[in-house]
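Me: I should like to learn how the features of a protein model are read. May we take them one at a time?

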Amino acid sequence: MWQRFSFYDLRVIGHYLGALILLAAFGLIAPLLVAVLFGEWHAAARYLFTAGIFLIAGSALRFLRIQPGRLSRQQAFAVTGLAWLVLALFAAIPLAASGHYANYLDAVFESVSGFTTTGASVVRDLDHLSYADNMWRFAMHLMGGVGLVVVGLSFGLFGKGGASLFSSEGRSEHVVPNVAQTAKFIGRITIVFIAIATVAVSLVCLWLGMEPARAFLHSLWVSISAFMTAGFVPMSENIMYYHSPVIEVVLVVVMLMGCINFTLHAEIVRGRVGAFFRDMEVRAAALWLVVIVVVFAASLAGSRLFSNLPTMERRGLFMIFAAFTTTGFQNITTAQLTDALSSGAFLILAILMAVGACSGSTTGGIKIQRFGILVKSVVTTLKEAISPDSARVVSSYQHIGRRPVTPELVREATTVLLLYGVTYVIGALAGIASGYEASQAIFESVAMASNGGITSGIVVPGMAWPLELFYLFEMWAGRLEFVTLLALLIQIVVSATPTGLVGWVHARREQRARRRRE
C-alpha cells in the first residue's frame, strides 16, 4: 500500500537535497579556478554567480531542520530521484549562459547527460568552448559516475541516512561493511585510475606536440570520461582528434577498469585475484565479448571502409569496447557509423549498449549479471522439470563466494530487464514518430536509456523538444535503473491526488492544534 508524503517527509527530503546541492556547489570550484587561471573572466563570473545560487538554495533547504535518524525507503527514493534532476537544472545555468547552447533545454540536456554519464552532447561549436565550461562538463561526469550519494557519503553529509541513500542509487553491494568506508574506497580507486591515465595520456599528448597546459587538461578530461564510462570529449572530432592509437589503447584499458564491479577491485587490492577470475560476471563478460568480436568482424567483412584487418582492429575493436562499457567514445564519425558500417555491425553496437557491462560499476545498461541470473534460473527450471519429485535442485553463482539464485534475485532481474526493454521500444517509437528511420531511432533510444552515449545523429543542438524531453527521461531513468525513479513518480502521483492533498492539509491542522494544546 503506497503511503502519501507527509509534511515531515517533505522536510526530510528537502534537508537532504540541500546537502547535495551544497556539495555540488563545491564542484563549481574546479571550473572557477580554471577560468581564473586562463583569464576567462566572463566564464568566471558565470560560475561565481551559479555558486551563489547553489549556496543560497542549498542553505535554505538545510534550514528545514529535522531530527537526525535513518531515512525510510520512500524518503531515500525521493531524495535520490530528485537530486539527479534538481542538480541538473541548477548545473545547466552556467552552460546556458555560455552562448554555446541553442536554449536552456539544451543546456539541461547537457547537464543530465553529464551527471548520468551518458555523454551525448548538444553543444554548439565545441572546439571553441571555454576551458571552464569543459571543466564543468567533466566535473559533472566525475560526480555522476561515482554517484552523487557516494560523493556525499565520502564527506560524511548524511549521517544515519547514508545506508538507505546508498541502496537507492542503484548500488546493492558494500565493498566493506561500513557504507561511508565503501564510498571512500570507491573514491580512492577512482582517483588512482584517473591519475595514472592522465599521466599516460599527457605524455603522449606532449610527444604529439600539444602545449603542456592543454595536454594536461585534455588528458584529465578524457581520463575522467573513460573511467566514468561517460563519453564527453573536449573536441568535436571525438577521440579521432588525437590521431593516436596509443591513446586509444590507454583509454580502452581505463574503460575496462571502469566497467568492473568495485567489489572486485577491492578483492584485487586485498590480493584475492582468484576471486576476480572466478566471478560469474567476469567470465560471462569475457565470453560475451569474444562472441561479439567474431560476429562484428564477420559483419564488417563486406564493408568497404572497414574490410582491411588493421582498420578493423583499430576502429572496430575500439567501438566495441566503447559500446560494451557504455562509454560513448567514437573513433569514427557519425556518418561512418550510420552509413559505412554494415547494418549488422550497427545493430551489434546497439545490443552491446543495451546489455552493458558489470553491475556495481560506473557503466549503464541492463548489466551482464542480471542476464547470468536469468540464465541460471532457466537452467534450474529445466533441471527441476526432468528431475525426480524427491530431488532438490539448488542453483548458485560465483561472486565473492558462492551465492544462491533466490526468487527475489530472479524477480529483480526480470523486472529491470522488462523496464529497460519497454523503455527502449517506447523511445524507438518516439524517434520513428519524429520522422527518423527505425534502425536509427532504435539505436538512439538504446544509447539514451543505457547511458551509452554513442549517437547516430538524432541528438543534435535544437532538436525537437518533445523527443528531447523523452530522451532526458530515458537518461534519468536508466541511471537510476528505473526502480528508484518509478517509486518516486508513484509517490508524487499518490500524494498529489485530491484525497492525498486533503489528507495532508488535515494532518497539518491536527499538528497545529496539538501544538496549541501543548
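Me: Which side chain meets Arg 370 in a salt bridge?

Reply: This is a predicted model, and in it the partner of Arg 370 is Glu 412, with N and O 3.1 Å apart. Glu 412 belongs to helix α19 (residues 407-433) and Arg 370 to helix α18 (residues 368-386), so this pair ties together parts 42 residues apart in sequence. Glu 412 is partly exposed, at a relative accessible area of 35%, whereas Arg 370 is buried, at 10%.

Me: How many salt bridges does the structure hold?

Reply: The structure holds 5 salt bridges. One of them joins Asp 133 to Arg 46, where the closest N and O atoms are 3.0 Å apart. Asp 133 lies in helix α6 (residues 131-146) and Arg 46 in helix α3 (residues 41-62), so the bridge ties together parts that are 87 residues apart in sequence.

Me: Is Asp 133 buried or exposed?

Reply: The cut-off for a buried residue is a relative accessible area under 20%. Asp 133 has 1% and therefore counts as buried. Its partner Arg 46, with 9%, is buried too.

Me: Which residues are joined into one network by salt bridges that share partners?

Reply: The network consists of Glu 267, Arg 270 and Arg 272. Between Glu 267 and Arg 272, the closest N and O atoms are 3.4 Å apart. Glu 267 is buried, with a relative accessible area of 5%, while Arg 272 is partly exposed, with 46%.

Me: How should the length of a helix be read, for example the span of helix α11?

Reply: One compares an expected span with the distance between the end C-alpha atoms. For the 14 residues of helix α11 (residues 245-258), 1.5 Å a residue gives an expected span of 20 Å, and the end C-alpha atoms are 20 Å apart, which agrees. The 24 residues of helix α4 (residues 73-96) should span 34 Å, and the distance of 35 Å between the end C-alpha atoms agrees with this. Helix α4 also has a kink of about 30°, centred on Ala 83.

Me: Which residues of α11 are buried?

Reply: A general idea helps here: an α-helix has 3.6 residues a turn, so residues three or four places apart point the same way. In α11 the buried residues include Ile 247, Val 250, Leu 251, Val 254, Met 255 and Gly 258. Glu 248 and Val 252 are also buried.

Me: Which residues make the nonpolar surface patch?

Reply: Leu 287, Val 290, Val 291, Val 294 and Val 295 make this patch, of about 440 Å². Val 291 is found in helix α14 (residues 280-300) and, at 42% relative accessibility, counts as partly exposed.

Me: Where is His 243, and what is its phi value?

Reply: His 243 is in the loop between α10 and α11. Its phi is near 50°, a positive value in a residue other than glycine. His 243 counts as exposed, at 58% relative accessibility. Lys 367, in the loop between α17 (343-355) and α18, also has a positive phi, near 90°, but counts as buried, at 4%.

Me: Which elements have the lowest and the highest mean pLDDT?

Reply: Where pLDDT is low, the predicted coordinates should not be read in detail. The lowest mean among the elements, 55, belongs to helix α8 (residues 162-168), and the highest, 96, to helix α10 (residues 212-227). For the chain, the mean pLDDT is 84, and 83% of its residues reach 70 or more.

Note on methods. Residues are numbered from 1 along each chain as its sequence is written. This is a predicted model: local features need pLDDT of at least 70, side-chain atom pairs count only at pLDDT 80 or more; totals for chains, interfaces and linings use all residues. Side-chain values use heavy atoms; hydrogens and water are left out. Patches are made of residues with over 30% relative accessible area and no salt bridge: like charges are joined within 9 Å, nonpolar side chains (Val, Leu, Ile, Met, Phe, Trp, Tyr) within 5 Å. Accessible areas come from the Shrake-Rupley method with a 1.4 Å probe; for residues, only the protein chains shown count as cover. A salt bridge is a side-chain nitrogen of Lys or Arg within 4 Å of a carboxyl oxygen of Asp or Glu. Helices (H or I, at least four residues) and strands (E, at least two) are DSSP runs, numbered from the N terminus. Buried means under 20% relative accessible area, exposed over 50%, partly exposed in between (1.4 Å probe, protein chains only). The expected span of a helix is 1.5 Å times one less than its number of residues. The bend at a residue is the angle between axes fitted to the seven residues ending there and the seven starting there. pLDDT is the predictor's confidence in each residue, from 0 to 100.
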